[in-house]
Amino acid sequence: SVGSLADNEGQASDKYHRILEAAIKVFARKGFHSAKVSEIAREAGVADGTIYIYFKNKDDILIKVFEESLARIIKRFEEELKAEPDAASRLKRFIWMHLELLEENQALAEVIQVELRQSNKFMKEYVPAHFIEYLNMIAGLVREGQDQGVLRPEISPGIFKRALFGALDEISLHAVLRRKGKSYIKKSAEQLCDIFLRGISREGTVL
């Protein structure tokens, strides 16, 4: 599960993770711009000054929330995708897992889908190493499917990974903003699997 950051072993102190968990709640409740560092400290049960032991500022907290969350998501995806029999099945499972995360932790989903875009530092300065790793998981699955002969060889894994993520991101944003539930997420996952998998499958291949 990605429901909690605090159970991530070997990362940092309990206070560090408590601050991140508190930030998720405060950012989701008040919005990034309206949230105060003092409110995050109060939610985490630490002194205001403790925040600055671990983080430079509010933007830094937001970026670390993203980094920690995505690192955990990538680890989970890698483990679960191993259970799928082939590349096409793994791509389908990837799509489902991405959208299922919206239901698992709605506050975190809101922070990543909405509040992250409010940080100028994130949009302009942050080098998203984990995000690139996440996109490359998609590209790797496409290459694997091409090697297996079930996906069209002329499809660019680089273009496909951004196209699929763009679709997932837009649907996720819509789901968060409009408070969409399980039925919308299920329908979206089914539709995306159909659109993206059929669109890149070789003629005569059943996926």
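In which helix does K161 lie? Let's work through this and two more exercises on this predicted model.

**Exercise 1. Place K161 and find out whether it has a salt bridge.**

Step 1: Start with the location, which answers the opening question: K161 is part of helix 9.

Step 2: Look at what surrounds the residue. Setting aside neighbours within four places in sequence, K161 has contacts with L135, N136, I138 and A139.

Step 3: Now search for a partner. The nearest side chain of opposite charge belongs to E133, and it is 12 Å away. A salt bridge needs the side-chain nitrogen within 4 Å of a carboxyl oxygen, so K161 is buried without one.

**Exercise 2. Decide whether S188 is buried or exposed, and list what it touches.**

Step 1: Find S188 in helix 10, which covers residues 182–200.

Step 2: Check the accessibility. The relative value for S188 is 8%; the cut-off for buried is under 20%, so S188 counts as buried.

Step 3: Leave out residues up to four places away in sequence, and S188 touches L99 and I171.

Step 4: Compare sequence and space for S188 and L168: they are 20 residues apart along the chain, with 8.9 Å from C-alpha to C-alpha.

**Exercise 3. Describe how helix 6 is covered and what happens at its start.**

Step 1: Within helix 6 (residues 106–113), pick out the buried residues: L108, A109, E110, V111 and Q113.

Step 2: Ask what covers them. The cover includes helix 1 (14–30), helix 4 (58–81), helix 5 (87–104) and helix 9 (157–177).

Step 3: Go to the start of helix 6, where N105 brings a side-chain oxygen to within 3.4 Å of the backbone nitrogen of A107.

Note on methods: Residues numbered from 1 in each chain as written. Predicted model: local features only at pLDDT ≥ 70, side-chain atom pairs only at ≥ 80, totals over all residues. Heavy atoms only, no water. Helix = DSSP H or I, 4+ residues; strand = E, 2+ residues; numbered from the N terminus. Buried < 20%, exposed > 50% of the residue type's maximum accessible area, 1.4 Å probe, protein only. Contact = heavy atoms within 4.5 Å. Polar contact = N/O pair within 3.5 Å; in protein donor to acceptor, adjacent residues only side chain to side chain. Lys, Arg positive; Asp, Glu negative; His and termini not counted.
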